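Me: Got a minute to go through this one with me? I'd like to start with the contact between chains.

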Amino acid sequence: MSEQTSDTPLSRNTPMESFINHKNATGMQCGNYTIDLPELKPGQQYRFHFDATACVGCHCCEVACNEQNANPDDIKWRRVGELEAGSFPDTLQLFNSMSCNHCIDPECLKGCPTESYIKLDNGIVFHDDPTCIGCQYCTWNCPYEVPVFNPDRGIVTKCHMCVDKLEAGQTPACVQACPAGAIQIEAVDIDKWLAEDMAKEGVAPHLPDVEITKPTTRYTLPELPEGERFRPADEHILKPAHPEWPLVFMTVLTQLSVGAFAAVFFGQVLRSIGLALPAPDALTALLAVLPAMIGLPLSALHLGRPGLAITAMKNWRSSWLSREAIALGAFTAVATFVPLLYYLGVSSALLLFVEAIALGVGLYGIYAQSMIYRIKARPSWNRKSTTKRFFGTGYVGFLLIATLLLLREGANGATVLLSVAMLAGMAQILLIFEEVSFYRHLDKEDPLFYQLDRTRILLQEHFGNIKKWRLYSLVAFALILPFVAVVLSAASLPHAAAAIALVATLGAFASEIAGRYLFYRTVVPLGLAGNFFAGNQRH
Amino acid sequence: MSLIQKAKAFLGFDIKEEKYALVDDPFFGKVAKTKAPEKWVRSTCGYCGVGCGMYIGVKNGEAVYSKGDPKHPVNMGTLCPKGLSEHRMVRAKSRIASPLLRKNGALEPVSWDEAFSHTAERFKRIQAEHGKGAVAVISTGQLLTEEFYMLGKFVQLGLGTNNYDGNTTLCMASAVMGYKQTFGSDGPVGCYEDFEKADVIMLIGANIADNHPILKLHIARNKKKPTIIVVDPRKSKTAQMADIYVPIKPRTDLALINGLCHIIMEQGWEDETFIRNRTEGYTEFKKHIMAHYPPQEVAHITGIDVKTLYELARIYAGADAAMSAWTMGVNQSALGTDTVSAICNLALITGNLGKEGGAPMSLTGQCNAMGTREFGFTSSIPGYRNYADENDRREFAEIIGVDVERIPTERGYAYPQIIDAIDRGEIKALWVVATNPLVSFPDQNRLRNALKKLDILVVQDAFMSDTAEIADVVFAAATWSEKEGCYTNSERRCNYAKKAIEPYANSKADFYIVKAFSTYFDGVHDMLFAHLNEPRDAFEEIKRVSKGRLCDYSGMSYELIEALGGIQWPCNETYPEGKKRLYDETMACPTPSGKARLLALDWQPLSESTCETTPLILNTGRTVEQFHTRTKTGTIGILDALAPEAWIDISPKDAAKLQVKSGDRIAVSGNRGRVENIVVKVTETVAEGSVFVPFHFNTQLINAVTLPEFDPKSFEPNYKQCAIQLHSEAVPEGIRYETDEIGGYLENLSVETKEKQATSETIEARE
């Protein structure tokens with residue numbers, strides 16, 4: 001501290017001096033490093049107020065935030081969204097500086113499998129770094145794209161309203177830095193906010209429906225032109241979403257496995273009611289569970305902290321991700337015993353019982369898996385067809401078991417499985433047509449139009465070829481080849497039929513991988529409008 | 001990394017909590033632990049002319065934090081994004097570590113002695129062969145005042161060449177000459193506090209939201225809710241603040257201001273007492289304005305309807321205190337000087353001078369453009385003295401103890417004239433200090449060709465700029481935070497910038513570069529710098545040089561400047577703590593009569609207007625995240641990501657003609673050059689037929705297209721308007737020119753004169 005001798009200005013007027021004097025002088029919270037906030041009364045929490053009529057779009061808040069928190073340049077806890085409406089000279093440029101909205105009903109918190117989000121007594125939605133496993137599910141769930149994955153740390157981090165500073169009477173970095181005084185901290189009466197004010201003062205152009213998470217940020221907006229469309233500055237940036245390769249394989253393999261297991265169970269049921277069909281055995285059961293055994297651990301690869309994957313099961317109360325992890329974990333564990341039971345030759349009843357449990361848990365697991373994606377923040381995922389498709393993929397499992405049957409048992413019984421596979425394959429094709437029709441008839445008035453239309457563009461323009469391949473391969477491998485296998489098998493050419501079924505299985509698997517790849521890549525999340533160059537948020 | 005560490009990192013057992021932790025700092029509260037400073041050094045920002053007070057956090061001899069000083073009257077604790085990240089440019093990869101000399105075509109590190117002796121020997125030889133003036137110097141607005149003073153003395157009195165100018169000619173010169181015309185001297189008359197006190201704030205060609213965001217703080221503090229008028233052909237971020245946005249046609253502001261004066265005088269809204277007591281030239285002025293700038297004519301020129309003109313005049317003249325502030329939209333124009341004076345005219349006839357909230361205020365672009373104006377020895381002798389005035393020359397010579405014969409009797413070549421002289425072969429050596437003409441000067445192709453003719457190009461810079469890349473010798477300079485001295489901001493506030501850390505590697509502060517270099521010239525050091533051993537000594541000499549002058553520093557000291565958070569000159573016995581506003585009732589203007597001059601000034605149309613091959617008007621400027629040629633801000637990741645390359649704002653109508661949308665890439669061509677690969681931003685912030693491109697980027701060098709036309713009084717380039725064509729992939733030939741339809745009386749007017757007939761014939765022939 002050699003610079004600060006007793007008579008230097010710094011020690012006479014420290015930056016931490018009385019906020020009241022400063023506020024009297026400036027009339028604003030900004031500038032000073034200390035802040036006086038009212039004590040929260042029961043039923044109140046802290047929130048941001050953003051004055052869009054004062055903001056000049058200077059990005060001071062963004063830079064100050066990163067400087068305060070030592071975040072890398074591309075990890076933005078606060079961003080400035082840019083919108084434009086109207087035509088010259090009556091143009092309105094609207095800036096929206098947003099960090100976390102410290103929501104009353106935070107989706108990040110509800111979905112977090114490790115319970116790493118805490119709604120503090122003062123209302124701040126706080127992220128507990130040490131327990132985070134970097135699954136990034138919160139980055140999907142937040143309709144404002146607030147939580148951001150920091151690959152340097154392997155975890156997600158987010159704005160905490162500089163809670164440490166607030167508690168010490170210090171100004172949050174963004175508030176301190178704003179030269180327009182456009183960002184302030186206020187106390188809000190939660191019930192009154194929900195009942196009256198949120199619908200009026202909590203809304204701003206291009207932002208998601210406040211009902212999703214009930215954000216607390218209060219907006220002061222300029223007079224908005226009526227009926228004008230707001231054009232986000234980053235409208236031209238349409239980057240496909242992260243491909244999530246581990247998840248592409250994990251979901252398809254687990255779904256395939258549950259499908260195959262259903263085929264085994266189906267066989268066991270038919271046998272036990274006395275039909276003369278080939279009995280499943282240890283090898284069949286092993287083949288059925290194998291994809292799940294490979295697929296499930298793959299999911300850990302998408303985590304920032306794979307070593308802690310097991311803690312994903314923690315939040316079974318509110319997170320579909322935890323439920324999926326528990327259910328599919330249990331399915332794989334129980335289903336792994338089934339080949340052993342066959343090998344040991346236990347009674348048919350016991351087999352049926354264990355298989356029924358495994359299958360039940362597995363089906364619930366796939367349902368939970370699909371519900372992970374049924375989130376409001378990601379409109380193209382949040383459709384019933386997602387659940388249908390996830391179950392539909394199971395037909396590949398039927399093809400797999402049918403192939404094994406053809407190889408080992410000849411024509412006997414495989415046609416049953418092939419028929420089921422063809423039916424399910426047909427359903428998948430119908431779902432594709434449903435999707436095509438859905439995107440063809442998007443409603444411009446739909447509040448989700450911006451995101452859905454961008455998904456459409458991604459599907460048509462960026463991934464048109466994969467999309468075509470997905471459709472044609474589905475017809476070929478889920479309908480035509482299984483049909484050929486049925487014909488060959490009827491013509492007592494089981495080996496030829498087996499070869500064809502094998503090709504169908506592999507082809508259908510590839511088709512499902514392609515479909516799932518499209519699913520991940522073409523999602524367009526809700527969120528803040530972005531910057532012309534930097535876009536809206538890192539993914 | 002060991003295998004175990006790798007495995008641990010992969011599995012995610014380390015979330016680097018320490019790296020992202022906060023710790024308590026006794027002065028600023030919570031700060032990031034990894035860069036928690038050992039000490040804070042109070043200083044001043046080194047980017048723009050706003051002049052923000054700040055603290056530099058220092059850890060292990062490196063600058064690690066920049067934080068706004070809440071006690072500083074300019075910024076009250078805030079900083080713009082550039083200031084907030086300023087410490088990050090100090091150790092950028094592009095810093096120049098040691099002097100460089102071109103050997104066998106490549107720049108190689110050499111000792112200071114080798115760099116100096118090589119340069120001195122070349123300078124001497126060139127001056128012996130071609131005359132003293134064959135060596136020219138172009139400096140900057142970025143050095144500290146003490147450094148400008150050293151450099152100016154050395155160049156004018158040591159090297160003996162008056163072909164010395166700064167890049168301030170590219171930004172502030174018109175304000176300087178305009179103020180001189182009107183008030184008899186340079187010196188911004190108002191202060192930032194006027195933003196807080198004004199009833200009306202008229203921003204003309206000033207995009208403060210992008211370029212001086214901290215000034216928004218002062219407007220936000222204005223409790224009177226002032227009426228904000230923004231005059232700009234572009235609906236800039238600043239225009240968003242406006243209560244009244246005035247979308248004038250490009251470079252018609254002089255006509256607009258004259259038109260407002262007309263209405264005010266026509267309606268009798270002028271301040272007669274003020275005009276009578278404090279101004280001169282009113283009669284001629286009124287006659288001129290009333291004869292030539294009737295509202296209908298002005299409406300036609302500016303594109304602003306008569307009703308709005310009356311409304312503007314009424315609001316401006318009706319305000320108790322009206323402030324007008326301008327920046328480059330006014331200065332960077334071939335009519336810059338006169339437009340500045342016209343703005344002063346408007347302020348004068350409404351009595352807005354020397355009072356709270358009422359001032360015609362020029363906002364400067366660089367941190368110390370003012371310092372070089374005051375003591376830089378370029379367009380005037382230090383202390384706002386005239387070359388032509390014998391008394392001024394003698395007085396200065398006596399104070400600094402040199403022979404009066406050494407003081408030049410006239411200003412040498414201005415910046416653009418230096419380039420011309422290089423092109424002609426008259427100037428053989430150029431020394432460029434802390435500026436980057438290879439991005440910033442207009443008509444790049446011509447500039448680059450001219451520079452090839454030099455015998456030697458010396459560049460003194462802290463960063464490996466585009467210009468440094470082509471230099472023969474590079475002097476490695478220290479930068480902000482590594483040196484000590486003063487910056488003067490737009491409101492004449494002299495701020496103290498303290499040295500916080502040692503200069504990078506083998507670089508030197510510009511003060512010491514000049515001082516050391518002078519020893520290579522016989523007797524020069526002893527004559528000029530014998531007693532100037534550190535910046536403080538130069539500051540003491542500046543105080544003597546300025547005593548009794550308008551820019552009087554005689555009452556200042558580094559200690560007092562620090563204690564007061566900067567001092568607005570004049571600071572002397574009369575004004576011991578400085579003076580907020582110039583030319584109030586107690587202070588006469590430095591004109592012979594002591595009164596401000598009302599000047600009869602004329603608007604002129606653009607010299608390069610749109611035509612068939614170039615149907616659009618190009619406007620250039622800055623963006624908030626970047627500074628000038630990006631030698632500093634381009635090295636800062638977070639700023640670079642927000643604006644990594646140039647873009648072109650074009651209206652949806654023009655975009656439709658070119659069949660482009662945002663994100664597409666197009667080329668810009670003009671009469672002097674072509675720029676490829678500019679990303680399109682379709683926006684309603686520009687009018688149809690107008691486009692905007694920021695000038696920061698060497699990747700899309702828009703100054704290859706801009707016009708080398710200069711204000712005849714200030715030599716400032718007309719950067720803001722030139723005619724261009726756009727070329728998209730779909731429409732490579734560009735936009736079709738649509739002639740203005742002529743209607744009404746003019747439609748039936750036949751052209752009689754022979755000359756005009758000839759013109760129309762040629763036009764027909766061409767068609």
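Reply: Sure, here are short answers on the chain contact and then on a sheet. Keep in mind that this is a predicted model.

Me: How many residues does each chain put into the contact?

Reply: Chain A gives 67 residues and chain B gives 66 residues.

Me: Which elements of chain A give two or more residues to the side that touches chain B?

Reply: Those are α1 (9-12), α2 (19-26), α3 (60-69), α6 (163-167) and α7 (173-177) of chain A. The largest share comes from α3(A), with seven residues.

Me: And how do the residues on that side of chain A divide into nonpolar, polar and charged?

Reply: 29 are nonpolar, 26 are polar and twelve are charged.

Me: OK, new topic: the sheet in chain A. What's the strand order in the three-stranded one?

Reply: β8-β1-β9 (chain A). The sheet is open, and its pairing is mixed.

Me: Why is one side of β8 and of β9 in chain A left without a neighbour in the sheet?

Reply: β8 (183-189) and β9 (218-220) of chain A are at the edges. Each has a single partner strand, so one side of each lacks a neighbour in the sheet.

Me: What's the average twist?

Reply: 30° from one strand to the next.

Me: Do β1 and β9 of chain A run parallel or antiparallel?

Reply: Parallel, with three bridges joining β1 (residues 44-51) of chain A to β9(A). Within β9(A), A:Tyr219 is the bridge partner of A:Phe50.

Me: Which helix lies across β1, β8 and β9 of chain A?

Reply: α8 (residues 190-201) of chain A, running at about 130° to β8(A).

Key
Residues are numbered from 1 along each chain as its sequence is written. Chains are lettered from A and ligands numbered from 1 in the order in which they are written. This is a predicted model: local features need pLDDT of at least 70, side-chain atom pairs count only at pLDDT 80 or more; totals for chains, interfaces and linings use all residues. Two residues are in contact if their C-beta atoms, placed from the backbone, lie within 7 Å. Helices (H or I, at least four residues) and strands (E, at least two) are DSSP runs, numbered from the N terminus. Ala, Val, Leu, Ile, Met, Phe, Trp, Tyr, Cys and Pro count as nonpolar, Asp, Glu, Lys and Arg as charged, and the others, Gly among them, as polar. Two strands pair if DSSP finds at least two bridges between them. Axes are lines fitted to C-alpha atoms, for helices over the stretch in contact, and angles run from 0 to 180 degrees between N-to-C directions.
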